[in-house]
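Please look over the model shown here. What can be said about its contacts, core, sheet and domains?

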Amino acid sequence: MGAMTIQEALGAALKQAATVLPQDVVLGLQQARERESSPMGAAQLDAILENVNVARDGAVPMCQDTGIQTFFVQAGVDSPFLKNLKGWICDAVTQATKDIPLRPNTVDPFTGKNPGDNSGRYMPFINWELVDGSDVLISVLPKGGGSENMSTLKMLPPGVGIKGIKKAVIEHIVSCQGKPCPPTIVGVGIGGGADIAMKLGKKAILRKIGSENPVPEAAAVEKELLELVNATGVGPMGVGGETTCLAVHVEYAHRHPASLPLGILVQCWADRRAQVRLSADGTAEVIA
Amino acid sequence: MKREITLPVQPEQVREWRVGDILFLTGTIFTARDEAHLLMLEKQESGEGIPFDPSQMALFHCGPVVSPDGDGWKVIAAGPTTSIRMELFEDKYLETFRPPIIIGKGGMADRTQAALESVGAVYTHYTGGAGALAAKRITAVQGVEWLEELGMPEAAWFFEVKDFGPLLVTMDAAGNNLYKDLEPTIAANVKDVLARIDAS
């Protein structure tokens with residue numbers, strides 16, 4: 001896809017996220033299928049892979065839960081469009097809800113009312129980060145409710161150390177069984193504070209499968225946790241098998257001496273994401 | 001064992017199916033989530049009854065995305081929803097309406113298991129999130145009940161399906177339960193994994 005207006009690019013990114021699973025996730029699922037020895041687990045992976053093809057070929061959402069549209073924006077401080085970004089993103093979501101269509105998923109917690117267009121208080125949710133330069137990178141992560149319900153925060157006593165973190169992640173993922181639609185991608189956020197650990201965990205989900213944390217200690221924990229969680233046998237959809245998780249990604253911040261916050265963010269196999277780059281000249285493109 | 005099934009099916013036939021069997025259904029299935037279950041039970045108790053016979057179909061725990069299409073409807077996506085929410089009243093539903101097959105996600109608990117055994121029915125697991133594949137195997141929307149009262153996801157939709165699956169039998173009419181069978185193996189694996197972390 002070449003240069004577009006920002007409206008076209010955001011619409012295209014939302015459609016791509018809902019209907020086309022990123023290649024790294026498809027590859028992860030294919031590899032999981034190749035090593036699956038349980039016929040019941042293998043049948044789940046076959047259905048997932050066939051579903052992914054049907055959605056892509058028909059340009060229809062891969063899951064009926066098209067999620068809460070969550071954005072991560074890295075905004076270049078020299079971009080002339082900073083004041084327009086929020087409005088553009090909100091408009092793109094209401095338009096995409098009609099065009100694709102997306103399931104209207106935003107509900108008022110007090111009245112139970114659903115505006116029907118995925119808008120609402122703080123919705124779509126936008127995470128902002130200011131960066132150098134004049135480009136703006138907008139990532140969209142439509143996150144389903146079933147896996148989000150399995151995300152959790154643990155405030156561990158620091159004395160349990162990294163071993164305590166590993167155990168807590170394993171015990172939590174096993175307790176989820178098939179509910180978050182495994183094989184999942186697990187984002188592990190460590191340190192910072194309660195909210196920061198959760199946010200880091202969610203940011204970790206945005207990373208591609210196969211990527212590793214550049215800090216060797218964190219990368220070693222990612223690798224070890226992936227191997228250990230897949231040794232539990234929970235398997236695809238919790239029916240037993242070799243692959244419970246496609247990836248474990250760790251992001252961390254320094255912590256308070258008295259705290260060891262651990263955010264465990266769970267993403268279903270439908271790890272939907274897309275990215276738009278908006279240049280200073282006003283042209284935009286879908287880059288991932 | 002892979003089984004290609006044409007609905008309706010009789011309880012005697014269903015009692016022969018076992019946990020681990022994979023079904024592909026052809027025929028009519030209907031959707032019901034929390035609200036539709038409750039409404040149908042109320043209507044039956046009040047003597048009004050319901051305008052179809054669930055024993056001739058399969059019950060699908062699903063809140064589909066459906067679009068108007070000419071005079072009718074078109075299914076956009078229709079994957080399973082989490083079944084355990086229906087545990088509160090599924091035993092009563094099974095005993096009242098006798099659907100021979102439940103299609104859902106994640107399994108159910110003891111009360112449903114007992115009702116499956118008494119009426120001769122199975123619970124089957126459909127792959128979570130496979131909403132586009134499900135929509136492709138739905139060849140027609142035959143109708144909908146209670147759309148005004150319950151809204152799109154909670155209404156009872158009637159789908160004509162062809163080779164709808166894979167539906168993995170995870171609870172059968174002989175009392176077998178895949179989830180319970182897996183528990184001791186997973187618990188032993190977890191114990192081993194935690195010991196490896198301690199030893200590292």
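Questions and answers on these topics follow.

This is a predicted model, in which local features need pLDDT of at least 70, side-chain atom pairs count only at pLDDT 80 or more, and totals for chains, interfaces and linings use all residues. Residues are numbered from 1 along each chain as its sequence is written, while chains are lettered from A and ligands numbered from 1 in the order in which they are written.

Reader: Which element supplies the largest share of the side of chain A that touches chain B?

Author: Two residues are in contact if their C-beta atoms, placed from the backbone, lie within 7 Å. On that basis the contact takes 37 residues from chain A and 35 residues from chain B. Helices (H or I, at least four residues) and strands (E, at least two) are DSSP runs, numbered from the N terminus; α3 (39-58) and α6 (161-176) of chain A each supply at least two residues of this side. The largest share, 10 residues, comes from α3(A).

Reader: Where does the largest nonpolar core lie relative to domain 1 and domain 2 of chain A?

Author: A nonpolar core is a set of buried Ala, Val, Leu, Ile, Met, Phe, Trp, Tyr and Cys residues joined through C-beta atoms within 7 Å, where buried means that 20 or more other C-beta atoms lie within 10 Å of the residue's own, these atoms being placed from the backbone. The largest such core has 138 residues, and Ile103(B) is among those that touch the most other members. Strand β9 (residues 156-171) of chain B gives the largest share, nine residues. Domain 1 (6-16 + 62-144 + 272-286) and domain 2 (146-267) of chain A both give residues to this core, so the core lies between them.

Reader: Which residue in β7(A) stands opposite Met155(A)?

Author: Two strands pair if DSSP finds at least two bridges between them. An open sheet of mixed pairing has the order β4-β7-β5-β6 in chain A, with β4 (152-156) and β6 (245-252) as edge strands. Five bridges join β4(A) to β7 (residues 260-267) of chain A, and the two run antiparallel. Opposite Met155(A) stands Pro261(A).

Reader: How far apart are the C-alpha centres of domain 1 and domain 2 of chain A?

Author: Domain bounds come from an automatic or database domain assignment. The contact takes seven residues from domain 1 of chain A and five residues from domain 2 of chain A. Strand β3 (residues 136-143) of chain A gives the most to the domain 1 side, with three residues. The distance between the C-alpha centres of the two domains is 26 Å.

Methods
A residue is buried if 20 or more other C-beta atoms lie within 10 Å of its own, exposed if 12 or fewer, and partly exposed in between; C-beta atoms are placed from the backbone.
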